[in-house]
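Me: I am new to this structure and would like to learn how to read its features one at a time. Where should we start?

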Amino acid sequence: MPHSFEIPAHVAEAARKVRLLVLDVDGVLTDGGLYYDAHGHIQKRFHVHDGLGMKMALHGGLQLAVITGLDSAAVRARVTELGIPHYYPGFPHKMDSLSRILADENLSLEQAAYLGDDLVDLAPMRAVGLPLAVANARPEILDQALWVTPHGGGNGAVRDAVELILRAQGHWESICAHWTNG
(Lines give C-alpha, C1' and ligand atoms only; values in the text may rest on other atoms or scores of the structure.)
Protein backbone atom coordinates (compact mmCIF):
# COMPACT_ATOMS: atom_id res chain seq x y z
CA MET A 1 0.00 0.00 0.00
CA PRO A 2 1.77 3.17 -1.11
CA HIS A 3 1.80 6.06 1.30
CA SER A 4 3.22 9.52 1.63
CA PHE A 5 5.30 10.78 4.47
CA GLU A 6 4.26 14.39 4.28
CA ILE A 7 4.54 15.11 7.96
CA PRO A 8 2.31 17.86 9.37
CA ALA A 9 4.36 20.57 11.09
CA HIS A 10 2.95 19.91 14.58
CA VAL A 11 3.72 16.18 14.25
CA ALA A 12 7.26 16.87 12.98
CA GLU A 13 7.86 19.25 15.88
CA ALA A 14 6.88 16.57 18.41
CA ALA A 15 8.79 13.83 16.56
CA ARG A 16 12.04 15.83 16.52
CA LYS A 17 12.09 15.66 20.35
CA VAL A 18 11.60 11.88 20.55
CA ARG A 19 14.44 9.76 21.94
CA LEU A 20 12.33 6.75 22.96
CA LEU A 21 9.65 4.82 21.07
CA VAL A 22 7.48 2.62 23.29
CA LEU A 23 5.49 -0.19 21.68
CA ASP A 24 2.55 -2.31 22.70
CA VAL A 25 2.60 -5.89 21.40
CA ASP A 26 -0.81 -7.37 20.58
CA GLY A 27 -2.37 -5.25 17.85
CA VAL A 28 0.83 -3.24 17.29
CA LEU A 29 3.79 -5.62 16.86
CA THR A 30 1.30 -8.35 15.94
CA ASP A 31 -2.03 -8.37 14.13
CA GLY A 32 -3.78 -8.80 17.47
CA GLY A 33 -4.72 -12.43 16.91
CA LEU A 34 -3.94 -14.98 19.59
CA TYR A 35 -3.01 -18.28 17.94
CA TYR A 36 -3.00 -21.33 20.25
CA ASP A 37 -1.18 -24.56 19.42
CA ALA A 38 -2.43 -28.00 20.49
CA HIS A 39 -0.64 -27.62 23.84
CA GLY A 40 -2.29 -24.30 24.67
CA HIS A 41 0.80 -22.20 23.93
CA ILE A 42 0.26 -18.83 22.27
CA GLN A 43 1.95 -18.32 18.91
CA LYS A 44 2.66 -14.84 17.51
CA ARG A 45 3.20 -13.52 13.98
CA PHE A 46 5.60 -10.62 13.47
CA HIS A 47 6.17 -8.64 10.28
CA VAL A 48 9.71 -8.44 8.89
CA HIS A 49 9.22 -4.77 7.93
CA ASP A 50 8.69 -3.97 11.60
CA GLY A 51 11.79 -5.96 12.54
CA LEU A 52 14.01 -4.06 10.13
CA GLY A 53 12.37 -0.81 11.22
CA MET A 54 13.30 -1.53 14.83
CA LYS A 55 16.88 -2.33 13.83
CA MET A 56 16.97 0.93 11.88
CA ALA A 57 15.67 2.83 14.91
CA LEU A 58 18.35 1.37 17.17
CA HIS A 59 21.03 2.07 14.54
CA GLY A 60 19.81 5.69 14.40
CA GLY A 61 20.12 6.11 18.17
CA LEU A 62 16.40 5.87 18.95
CA GLN A 63 15.73 3.86 22.12
CA LEU A 64 13.00 1.22 21.97
CA ALA A 65 10.83 -0.29 24.66
CA VAL A 66 8.10 -2.91 24.64
CA ILE A 67 5.41 -2.96 27.33
CA THR A 68 2.77 -5.65 27.10
CA GLY A 69 -0.02 -7.04 29.22
CA LEU A 70 0.86 -10.67 28.42
CA ASP A 71 4.06 -12.56 29.10
CA SER A 72 4.84 -14.58 25.99
CA ALA A 73 7.90 -16.65 25.16
CA ALA A 74 7.44 -15.75 21.48
CA VAL A 75 7.53 -12.01 22.22
CA ARG A 76 10.51 -12.42 24.54
CA ALA A 77 12.38 -14.27 21.78
CA ARG A 78 11.58 -11.57 19.20
CA VAL A 79 12.53 -8.70 21.50
CA THR A 80 15.80 -10.44 22.39
CA GLU A 81 16.56 -11.22 18.74
CA LEU A 82 16.12 -7.55 17.81
CA GLY A 83 18.21 -6.28 20.73
CA ILE A 84 15.45 -4.17 22.30
CA PRO A 85 16.83 -3.14 25.70
CA HIS A 86 13.57 -2.43 27.55
CA TYR A 87 11.05 -5.27 27.72
CA TYR A 88 8.24 -5.26 30.29
CA PRO A 89 5.93 -8.29 29.95
CA GLY A 90 2.84 -8.79 32.09
CA PHE A 91 2.13 -5.09 32.62
CA PRO A 92 -1.46 -4.27 31.59
CA HIS A 93 -1.16 -0.95 33.48
CA LYS A 94 1.69 0.58 31.54
CA MET A 95 2.43 3.92 33.22
CA ASP A 96 4.64 2.43 35.96
CA SER A 97 6.81 0.70 33.35
CA LEU A 98 6.94 3.82 31.21
CA SER A 99 8.02 5.93 34.20
CA ARG A 100 10.74 3.41 35.06
CA ILE A 101 12.10 3.40 31.50
CA LEU A 102 12.13 7.20 31.34
CA ALA A 103 13.97 7.38 34.68
CA ASP A 104 16.51 4.74 33.55
CA GLU A 105 17.19 6.66 30.33
CA ASN A 106 17.00 10.11 31.98
CA LEU A 107 14.28 11.20 29.55
CA SER A 108 11.11 13.28 29.89
CA LEU A 109 7.63 12.31 28.74
CA GLU A 110 7.99 14.88 25.95
CA GLN A 111 10.92 12.84 24.59
CA ALA A 112 8.81 9.69 24.32
CA ALA A 113 6.51 8.38 21.61
CA TYR A 114 4.01 5.61 22.23
CA LEU A 115 2.40 3.41 19.55
CA GLY A 116 -0.85 1.78 20.63
CA ASP A 117 -4.09 0.26 19.44
CA ASP A 118 -6.48 -0.35 22.37
CA LEU A 119 -7.73 1.02 25.68
CA VAL A 120 -4.77 -0.28 27.72
CA ASP A 121 -2.61 2.13 25.70
CA LEU A 122 -4.66 5.23 26.44
CA ALA A 123 -2.88 6.38 29.63
CA PRO A 124 0.64 6.31 28.15
CA MET A 125 -0.60 7.90 24.94
CA ARG A 126 -2.09 10.77 26.93
CA ALA A 127 1.21 11.25 28.77
CA VAL A 128 3.87 11.18 26.02
CA GLY A 129 4.95 13.92 23.66
CA LEU A 130 4.12 11.92 20.53
CA PRO A 131 1.07 9.63 20.80
CA LEU A 132 0.77 7.35 17.77
CA ALA A 133 -1.89 4.84 16.71
CA VAL A 134 -1.89 1.97 14.26
CA ALA A 135 -4.33 2.32 11.36
CA ASN A 136 -6.72 -0.29 12.75
CA ALA A 137 -6.74 1.00 16.34
CA ARG A 138 -9.89 1.44 18.40
CA PRO A 139 -11.69 4.79 17.98
CA GLU A 140 -10.60 6.12 21.39
CA ILE A 141 -6.96 5.51 20.46
CA LEU A 142 -7.33 7.07 17.03
CA ASP A 143 -8.85 10.16 18.70
CA GLN A 144 -5.85 10.45 21.07
CA ALA A 145 -3.19 9.99 18.38
CA LEU A 146 -1.24 12.88 16.97
CA TRP A 147 -0.47 10.67 13.94
CA VAL A 148 -1.90 7.38 12.62
CA THR A 149 0.28 4.87 10.77
CA PRO A 150 -0.68 4.00 7.19
CA HIS A 151 -0.45 0.28 8.03
CA GLY A 152 -2.32 -1.76 10.60
CA GLY A 153 -0.83 -3.51 13.60
CA GLY A 154 1.38 -6.46 12.72
CA ASN A 155 1.59 -5.28 9.11
CA GLY A 156 4.31 -2.63 9.12
CA ALA A 157 2.88 -0.06 11.53
CA VAL A 158 6.00 -0.05 13.72
CA ARG A 159 8.13 0.58 10.64
CA ASP A 160 5.82 3.51 9.77
CA ALA A 161 6.32 5.02 13.24
CA VAL A 162 10.10 4.61 13.06
CA GLU A 163 10.19 6.17 9.61
CA LEU A 164 8.08 9.11 10.79
CA ILE A 165 10.42 9.85 13.69
CA LEU A 166 13.66 9.35 11.75
CA ARG A 167 12.39 11.47 8.83
CA ALA A 168 11.35 14.29 11.18
CA GLN A 169 14.80 14.15 12.79
CA GLY A 170 16.56 14.20 9.42
CA HIS A 171 18.13 10.74 9.85
CA TRP A 172 16.00 8.61 7.50
CA GLU A 173 18.12 8.91 4.36
CA SER A 174 21.43 8.11 6.09
CA ILE A 175 19.86 5.15 7.92
CA CYS A 176 18.46 3.84 4.63
CA ALA A 177 21.88 4.25 3.01
CA HIS A 178 23.40 2.06 5.72
CA TRP A 179 20.97 -0.76 4.88
CA THR A 180 21.06 -0.40 1.08
CA ASN A 181 24.81 0.01 0.53
CA GLY A 182 25.76 -3.44 1.84
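Reply: We start with a term: a salt bridge is a side-chain nitrogen of Lys or Arg within 4 Å of a carboxyl oxygen of Asp or Glu. Side chains of opposite charge can pair when their charged atoms come close. Keep in mind that this is a predicted model. One case here is K44 with D26, whose side chains meet in a salt bridge at 2.4 Å, N to O.

Me: Which parts of the chain does the pair of K44 and D26 tie together?

Reply: K44 lies in the loop between strand 3 (42-43) and helix 2 (48-59), and D26 lies in the loop between strand 1 and strand 2, so the salt bridge ties together parts 18 residues apart in sequence. Both K44 and D26 are buried.

Me: How many salt bridges does the structure hold?

Reply: The structure holds 8 salt bridges. Another of them joins the side chains of D24 and K94, at 2.7 Å from N to O. This pair links distant parts of the chain, 70 residues apart: D24 is in the loop between strand 1 (20-23) and strand 2 (35-36), while K94 is in the loop between strand 5 (86-88) and helix 4 (95-105). D24 and K94 are both buried.

Me: Are D71 and R76 buried or exposed?

Reply: The side chains of D71 and R76 also meet in a salt bridge, at 3.3 Å from N to O. D71 has a relative accessible area of 53%, so this residue counts as exposed, the cut-off being over 50%. R76, with a relative accessible area of 40%, is partly exposed. Elsewhere, salt bridges that share partners join D24, K94 and D121 into one network.

Me: How do I read a pocket, and what is the volume of the largest pocket?

Reply: Rolling a probe the size of a water molecule over the atoms shows where empty space is left. The largest pocket here has a volume of about 170 Å³. Its lining includes D24, D26 and K94, residues already met in the salt bridges D24 to K94 and K44 to D26. Among the other lining residues are G27, G32, T68, L70, D117 and V120. By class, the lining divides into 3 nonpolar, 4 polar and 5 charged residues.

Me: Which residues touch the most other members of the largest nonpolar core?

Reply: They are L21, L130 and L132, in a core of 57 residues. Helix 7 (residues 157-168) gives the most to this core, with 8 residues. To read one member, take L130 and leave aside its neighbours within four places in sequence: its contacts include V11, V18, Y114, L146, L164 and I165.

Me: What does H59 contact, leaving aside its neighbours within four places in sequence?

Reply: H59 is in contact with I175 and H178 when those neighbours are left aside. H59 and H178 are 119 residues apart along the chain, yet their C-alpha atoms are separated by 9.1 Å. H59 itself sits in helix 2 and is partly exposed, at 41% relative accessibility.

Me: What is the phi of N106?

Reply: Most residues other than glycine have a negative phi. The phi of N106 is near 55°, a positive value in a residue other than glycine. N106 is found in the loop between helix 4 and strand 6 (112-116). With a relative accessible area of 70%, N106 is exposed.

Methods:
Residues numbered from 1 in each chain as written. Predicted model: local features only at pLDDT ≥ 70, side-chain atom pairs only at ≥ 80, totals over all residues. Heavy atoms only, no water. 1 Å grid on protein atoms, 1.4 Å probe; cavity = no way out; pocket = protein on both sides within 12 Å on 5 of 7 lines; lining within 4 Å. Points joined across faces, edges and corners; volume = space filled by probe spheres on them. Nonpolar A, V, L, I, M, F, W, Y, C, P; charged D, E, K, R; others polar. Helix = DSSP H or I, 4+ residues; strand = E, 2+ residues; numbered from the N terminus. Buried < 20%, exposed > 50% of the residue type's maximum accessible area, 1.4 Å probe, protein only. Core = buried A, V, L, I, M, F, W, Y, C linked by side-chain atoms within 4.5 Å. Contact = heavy atoms within 4.5 Å.
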